[in-house]
Structure formats: structure tokens, C-alpha cells
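Okay, thanks for coming, everyone. Let me put the thing up on the screen, and then I'll walk you through the bits I'd like us to look at.

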Amino acid sequence: MDSEFKGKVALVTGGSRGIGRAISRKFASLGADVVIDFFRNRPAAEQTAKEIEALGVRVHIVRANIGDPEKVKLLFDEVKKTFGKLDILVSNAASGVARTAMELDAQGWDWTMNINARALLFCAQEAAKLMEGRGGKIVSISSLGSQLAMGKYVAVGVSKAALEALTRYLAIELAPKNICVNAVAASAVETEALKLYTPEQKKALLWQSTPAGRIVIPEDVAGIVAFLCSDAAFMIRGQTLIVDGGVSIAPVFGLE
Amino acid sequence: MASAVEEKIKEIITGIVHCEGRALTPTTTWKDLKADSLDLVQVLVQLEETYGIEISDTDAEKLKSFGDLVAYIEGIVAAKAKAG
């Protein structure tokens with residue numbers, strides 16, 4: 001798969017930590033130049049950039065709150081200024097409030113929807129301009145919460161459902177421009193976000209209930225994202241690929 | 001008397017955090033206001049945009065009370081004014 005990404009430019013929103021970091025590294029390891037968008041943690045972005053540069057590609061970090069359409073414009077201006085084009089957009093940055101539906105207020109809803117769902121819309125609009133005439137790939141990162149009802153996950157779950165629907169609309173609308181649009185939905189992934197749980201809770205909740213025998217790691221997701229951006233995936237459009245080691249289809253009480 | 005910076009920060013916080021009548025004093029903490037991590041991020045974003053600055057997470061973690069925050073922003077505003 002290496003050669004087809006050489007000379008390509010990939011933008012990864014939220015690309016400095018967790019899943020985004022693994023995706024940034026993956027594209028760099030395949031020879032693509034990478035733009036890492038970050039929001040709150042500059043040292044993490046600089047660290048990831050340093051690691052990626054060591055792989056021999058060009059990397060640029062940009063600070064932007066992608067929940068704000070004006071900032072999204074500035075982010076893409078920066079991509080254009082730095083690399084003059086864009087081949088791959090990975091809409092990965094996410095945020096959200098952990099509240100029940102009864103506790104959720106308008107502010108928490110808007111914040112979550114704007115960063116997780118609306119950002120894909122405005123990022124895709126800008127990305128399409130930078131892909132004009134050549135085509136490109138857009139992949140967004142969803143979660144199993146788009147289809148399940150998980151505790152205090154309503155805001156994020158609904159935003160991810162919107163993201164998946166938007167992925168389908170973009171896939172059709174951007175197909176004539178030779179832009180492939182898809183999504184990847186992961187179950188709980190071993191990242192900093194999981195630090196909220198105790199090791200015992202994680203073991204009980206995740207490892208033991210994953211048919212594949214272990215929790216999903218960021219590199220699993222990054223590999224699928226790279227696949228969706230490869231020529232091999234050209235005919236996959238508007239789909240959400242589930243990367244969960246079988247969690248979402250496993251019977252609760254096992255088969256024995 | 002409250003400074004302009006203090007008044008502005010108060011306006012930003014009360015616009016985001018549901019203070020429910022709790023008075024903001026220099027010793028008021030985020031915990032006192034029952035602010036969650038999302039409230040904090042939103043306050044930081046508005047402060048950054050208002051003053052054209054970037055507040056690192058490392059700095060943000062040290063700002064436990066309203067007084068800490070006011071002193072921090074006043075320090076930055078003063079430094080910017082000095083730098084011209």
C-alpha cells in the first residue's frame with residue numbers, strides 16, 4: 001500500500017492524541033505528508049509532529065477549534081498555504097458531554113453536535129475545494145454509540161448517528177468529484193479517554209466481552225482508515241465500517 | 001472595585017456555567033460552581049478569543065479559583081500592553 005500515499009497530503013483533525021495520533025502516524029509511515037489539527041494540547045501535537053517527522057515526511061501542526069466554522073476556514077487556509085492541496089481528510093476530532101438525556105442542556109447538545117457532526121460538514125466543504133480536479137478521500141470517525149444506547153452517551157451517540165448520515169449524503173454528492181467518503185465506527189478504544197475506568201472495570205467491560213480477545217487499539221482503527229483511503233476501497237461509498245472485534249454482534253450471554 | 005478584566009471574566013463564566021445565584025469571589029472554585037470539564041473548556045475558549053491568547057492545558061490546570069483566573073489573565077493583558 002506504501003507507494004500510493006507517497007506525496008499525498010493528509011489532514012487529521014484531532015490528530016495529536018489517541019486514535020488521531022495513530023492515524024497521523026499511519027499515513028506518515030505510508031509516505032504521506034500530514035497536517036495535524038489540535039485544539040487543547042499543544043505539547044502533545046508537537047510531540048506527535050516530531051515523531052512523524054522522523055519518518056521522513058513533512059508535517060504541519062495547526063491549532064483550530066473545528067466546532068467553529070470560521071476556524072475551520074482558517075485551518076484549511078493554512079493547509080492550502082502550506083501544501084497547496086489536500087488528498088485525504090480524516091475527520092476525527094471529537095468532544096462531548098457525559099450526561100443522561102434528562103440532564104442534557106442546549107449548550108452541551110450544541111457543543112457536542114458542532115464538534116462531532118457539524119464539523120464534518122464544514123471540513124468536507126473546504127476539503128472538496130482543495131481536492132478540486134483531482135479527487136480525494138474523506139473518512140470520519142464514528143462510534144458504536146451511534147447505534148446503541150449507552151449510559152450518559154446520548155449527546156455523543158446522537159452526534160455520531162448524524163455523522164454517519166452526513167457521510168452517506170457527502171458520499172453521493174461528492175462522488176462526481178471523485179471524492180470517496182466513508183466512516184469508521186469503533187467500540188471502546190484503548191486511549192487516554194479510557195483512563196476514566198479502573199483496570200478491573202476495563203477488563204470486565206471490554207477484554208472479556210470482545211470476541212476477538214482484546215480491546216481495539218488506535219492502530220486497528222488507523223489501519224482501516226488507511227484502507228478506506230486506498231485505491232482498493234474505491235467502490236466503498238458512504239459506508240460506516242465497524243471495528244470492534246465483534247462486540248456489537250456478540251450475544252450477551254455467550255454461545256455455550 | 002472590580003477591574004475591567006474581572007468584570008469580563010465574570011460575564012464569560014456566568015454566560016457558560018450555571019452559577020445558580022452563587023456569587024463569584026476570588027476564592028470561588030470551579031468545584032463550588034459545579035462546573036464540569038466542558039464548561040471549563042468553553043470558558044477557556046472564550047477567554048482565548050476575547051484576549052487573543054492561547055491558554056495551555058498546563059496553565060489551565062493551575063487555575064483553580066476565580067481569583068487565580070483573574071490574576072492570570074490580568075498578568076497576560078499587562079504583559080501584552082507592555083510589549084505594545
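Quick definition before we start: two strands pair if DSSP finds at least two bridges between them. And helices (H or I, at least four residues) and strands (E, at least two) are DSSP runs, numbered from the N terminus. Housekeeping: this is a predicted model, so to speak of a local feature we ask for pLDDT of at least 70, side-chain atom pairs count only at pLDDT 80 or more, and totals for chains, interfaces and linings use all residues. Residues are numbered from 1 along each chain as its sequence is written, while chains are lettered from A and ligands numbered from 1 in the order in which they are written.

Right, the sheet. In chain A there's an open sheet of seven strands with parallel pairing, and the order goes β3-β2-β1-β4-β5-β6-β7. At the edges sit β3 (59-63) and β7 (240-243) of chain A, each pairing on one side only. From one strand to the next, the twist averages 20°; the angles here run from 0 to 180 degrees between N-to-C directions, with axes as lines fitted to C-alpha atoms, for helices over the stretch in contact.

Now zoom in on one end. β6(A) and β7(A) are parallel partners over four bridges, and A:A186 stands opposite A:V243 in β7(A). On the sheet you'll find α6(A) packed, touching β5, β6 and β7 of chain A, with its direction at about 160° to that of β6(A). By contact I mean C-beta atoms, placed from the backbone, within 7 Å. Helix α8 (residues 218-228) of chain A also runs at about 160° to β6(A), lying across β4 (88-91), β5, β6 and β7 of chain A.

Which residue in the loop between α6 and β6 (179-186) of chain A should we look at? That's A:N178, with a positive phi of about 65° although it isn't a glycine. A:K152, in the loop between β5 (136-143) and α6 (154-174) of chain A, has a positive phi too, about 55°, and it's no glycine either. Buried or exposed? A:K152 counts as partly exposed because it has 15 C-beta neighbours inside 10 Å; the cut-offs are buried at 20 or more other C-beta atoms within 10 Å, exposed at 12 or fewer, partly exposed in between.

Last stop, chain B. Six of its residues are in contact with seven residues of chain A, and helix α2 (residues 37-51) of chain B gives the most to that side, with four residues.

Definitions and conventions:
Two residues are in contact if their C-beta atoms, placed from the backbone, lie within 7 Å.
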